Amino acid sequence: MVGSFGPIVIAIAIATAFGLLPLFLSGLIIPKMPDRVKNAPYECGVETIGPTSIQFHTRYYLYALLFVIFDVEAVFLFPWAVAYRHLGLFALTEVVIFIGLLLVGYVYAWRKGALQWV
Amino acid sequence: MNVAILSPEISLGAAAAVILLAEAFSAGNLSRVAILALATLGIAVSAAFLIPAQLAGVPTSSFSGAFIQNGFTIYFKLLMLMATFLVLLGSGRFLAQAEGRRAELVALVLLTTAALMLLVSSTELITLYISLEMASLSTAFLAAWMKHQERSAEAGLKFFLLNALSSAVLLYGIALLYGITGQTQLNGIARELVGGATPALLLALALLLAGFGFKVSAVPFHMWTPDVYEGAPTPITAYLSVASKAAGFAVIVRVLQTALPGVQTEWVGLIAILAAVTMTVGNIVAMVQTNIKRMLAYSTIAQAGYILVGVAAGTGQGLGAVLFYLAAYTATNLGAFIAIVEIADRTGSERTSDFAGLHARAPWLAFALAISLLSLAGLPPLAGFFAKIYVFWAAIQTGLGWLVLLGVLNSAISLFYYAQVIHHMYMVPAPSPAPGRSLPTLVAGLTVAIAGVFALGIFSGFFMGLAETAARTLTQ
Amino acid sequence: MPPAFPPLYPITLQHGLILGAALFSIGLAGALTKRNSIVILMAIEVMLNGVNVTFVAFARQLEPAVLTGQVFALFIITVAAAEAAVGLALIIAIYHLRHSVQIDEANELQG
């Protein structure tokens with residue numbers, strides 16, 4: 001087993017070393033003179049102010065939720081579409097009912113103003 | 001493929017959809033009476049599909065054997081429809097308070113009932129899992145309905161997280177069972193399990209029992225019950241304690257009897273231990289509770305223990321006793337909870353000590369609560385007494401004498417805390433007269449429940465006969 | 001027709017089962033020890049994925065003609081999505097009241 005896989009392992013090891021060794025060596029010999037500009041996170045552009053992890057407003061949640069629900073719908077539609085020719089009319093009826101049920105939920109969400117940005 | 005077999009569930013789902021759309025297009029002005037009328041119509045149509053099927057008496061199955069209709073499923077479905085109807089009747093004032101969202105509440109209750117009915121009828125593990133989750137997820141929302149009250153929101157979140165955990169455990173058990181047998185049909189699993197118990201099979205059995213044990217709140221999977229029962233709005237607690245529990249037992253009995261008869265000795269032992277621990281812990285902890293909903297939560301845990309005794313008995317007679325017990329328990333618990341809905345609304349308190357002198361202030365409520373509690377304790381001639389007798393008798397005949405002895409001891413303990421509430425209501429003088437009149441719908445619901453408690457007790461022979469007939473169709 | 005390059009290390013049932021069991025156990029440990037309700041929800045999703053891997057592994061082993069295990073996995077994915085939607089809604093409700101999603105601070109109900 002090692003025999004057939006061995007060369008690849010050796011190749012990976014050499015490639016890794018080839019990449020890392022110059023970085024390591026240059027790190028040893030270059031002079032280090034840090035200043036404020038060099039330490040900045042970006043060399044150009046606007047500096048960040050305050051903590052970078054911010055909270056999203058919960059109103060995004062509603063869109064994420066609606067997206068997930070109608071997205072997962074595709075999980076069931078895809079196999080049906082692939083096997084459409086074998087399944088025939090009964091499966092078509094079932095899918096229409098399935099989408100109809102989702103449509104009721106969609107109409108409800110719409111009428112209730114869940115799709116409005118408030 | 002016979003789609004008509006789904007008519008009872010479809011009627012409920014259609015009623016829910018109509019209520020939701022009517023609400024959406026009436027800009028929130030749908031009246032409480034209209035909502036309840038639509039819901040009642042859905043329930044009535046659903047029952048109208050079930051009763052002829054019961055009279056025809058022909059078991060039918062559809063969807064490649066994933067869905068079955070026989071005496072057993074019809075018994076449970078009628079029980080759940082009845083319970084849903086009574087809960088809706090009893091939730092009048094709560095519906096008025098749930099301003100702006102009552103249509104959604106009723107629709108969600110109907111959908112939960114439809115899911116529980118699907119669960120009772122499913123004979124295939126995918127269908128079973130989907131209907132179980134559908135019921136559980138909507139229940140989590142129902143428990144958190146008063147989302148601006150911390151107690152309610154917290155109850156919903158606790159129920160949701162623990163339920164999701166237990167579902168995952170249950171699923172792993174199902175996956176193992178599928179791996180061992182290559183089947184997801186319950187009778188197919190039974191066909192493949194001929195070799196007896198293997199370690200993998202025992203692990204699957206333990207995981208399944210842990211998952212189902214959570215649904216019926218058997219100790220040690222009961223931790224969610226008191227918190228959720230206390231925090232959820234009381235009508236929802238009533239619904240949870242009867243409909244979900246009945247469906248939970250239906251599915252335990254079906255899976256154990258249909259899919260796992262090959263390891264009956266193993267599961268009888270496990271269920272017997274669960275039953276012993278459940279009733280003992282439930283009763284002992286119930287004694288120290290001061291909140292009536294919490295006390296009743298522990299009381300329902302104890303009741304689940306008694307029902308598990310019948311499940312452990314496992315014979316036709318034992319199953320009949322389980323079915324009868326669930327009917328008696330449904331009527332009794334609904335009586336107790338509907339009375340508490342009204343009492344807590346009027347006194348503004350759920351503490352048992354604040355029920356003092358209730359018989360002078362609200363004689364009918366006090367009487368109803370007293371009768372329900374006595375039935376839960378198991379006093380003749382009420383429904384709870386005969387239910388216990390049947391369950392214990394079936395267990396004695398299968399050699400579970402020790403379990404029955406423990407059950408009788410537990411019943412004696414339980415009398416202590418049930419009687420304490422009755423003592424408060426009848427013996428302690430009232431601090432002040434409480435104003436208020438009950439809604440007529442609530443009184444009607446309460447009366448039906450209490451009449452059920454008496455009827456199931458006095459005509460217990462007749463109802464037990466029905467239950468045994470229904471139970472027999474399970475193992476056919 | 002056999003594949004042009006037969007796999008050097010065929011993935012067997014054991015690999016699938018061990019991966020599934022490991023995911024399930026990691027998720028279970030997370031769900032039982034963490035205090036942040038969103039993290040618990042994520043841990044439960046990991047458990048469900050462990051179950052999915054187990055199902056697919058069994059389905060592959062058992063009967064290539066009948067795909068019940070894979071169908072089951074599809075349904076679990078759907079239910080997991082619904083579960084996440086419900087769970088996040090409840091967590092947001094709690095967050096609005098308490099400005100925290102830590103479940104050990106959810107102690108309004110105790111017995």
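## Chain A: mostly out in the open

A residue is called buried here if 20 or more other C-beta atoms lie within 10 Å of its own. Keep that in mind, since in this predicted model just 1% of the 118 residues in chain A are buried.

So what is chain A built from? Its secondary structure comes to 4 helices and 0 strands, and if you read along the sequence you get the pattern α-α-α-α. The chain is also divided into two domains: domain 1 covers 2-39, and domain 2 covers 59-111. Taken over C-alpha atoms, the centres of these two domains of chain A are 51 Å apart.

## Chain C: three helices

Chain C has no strands either: its tally is 3 helices and 0 strands. Starting from the N terminus, the elements run α-α-α. How much of chain C is buried? Here the figure is 34% of 111 residues.

You can also look at how chain C folds back on itself. Take the contacts between residues at least 6 apart in sequence: 52% of them join residues at least 24 apart.

## Where the chains meet

Let's take chains B and C to begin with. Their contact involves 32 residues of chain B and 34 residues of chain C. On the chain B side, helix 6 (125-143), helix 7 (150-181) and helix 10 (224-231) each supply at least two residues. Which helix of chain B gives the most to the side that touches chain C? That would be helix 7, with 17 residues. As for character, the chain B residues on this side split into 19 nonpolar, 5 polar and 8 charged.

Chain C also touches chain A, with 9 residues coming from chain C and 9 residues from chain A. On the chain C side of this contact you'll find 8 nonpolar residues, 1 polar and no charged.

## A buried helix in chain B

Helix 13 of chain B is worth picking out by eye. It takes in residues 292-313, which makes 22 residues, and reaches 32 Å from its first C-alpha to its last. That is close to the 32 Å expected at 1.5 Å a residue.

Is helix 13 of chain B mostly covered or mostly uncovered? Mostly covered: 22 of its 22 residues are buried. Just after this helix comes G314(B), which takes a positive phi of about 70 degrees.

## Backbone oddities in the loops of chain B

Now follow chain B into the loop between helix 9 (199-215) and helix 10, where you'll find P220(B). The peptide bond joining V219(B) and P220(B) is cis, with omega about 5 degrees. S217(B) has its place in the loop between helix 9 and helix 10 as well. Although S217(B) is not a glycine, it has a positive phi of about 50 degrees. Is S217(B) buried or exposed? It is buried, because 28 other C-beta atoms lie within 10 Å, and the cut-off is 20 or more.

Further along chain B, there is a cis peptide bond from P380(B) to P381(B), with omega near 0 degrees. You can find P381(B) in the loop between helix 16 (363-377) and helix 17 (383-397).

Key: Residues numbered from 1 in each chain as written. Chains lettered and ligands numbered in written order. Predicted model: local features only at pLDDT ≥ 70, side-chain atom pairs only at ≥ 80, totals over all residues. Buried ≥ 20, exposed ≤ 12 C-beta atoms within 10 Å, placed from the backbone. Contact = placed C-beta atoms within 7 Å. Nonpolar A, V, L, I, M, F, W, Y, C, P; charged D, E, K, R; others polar. Domains from an automatic or database assignment. Expected span 1.5 Å × (residues − 1).
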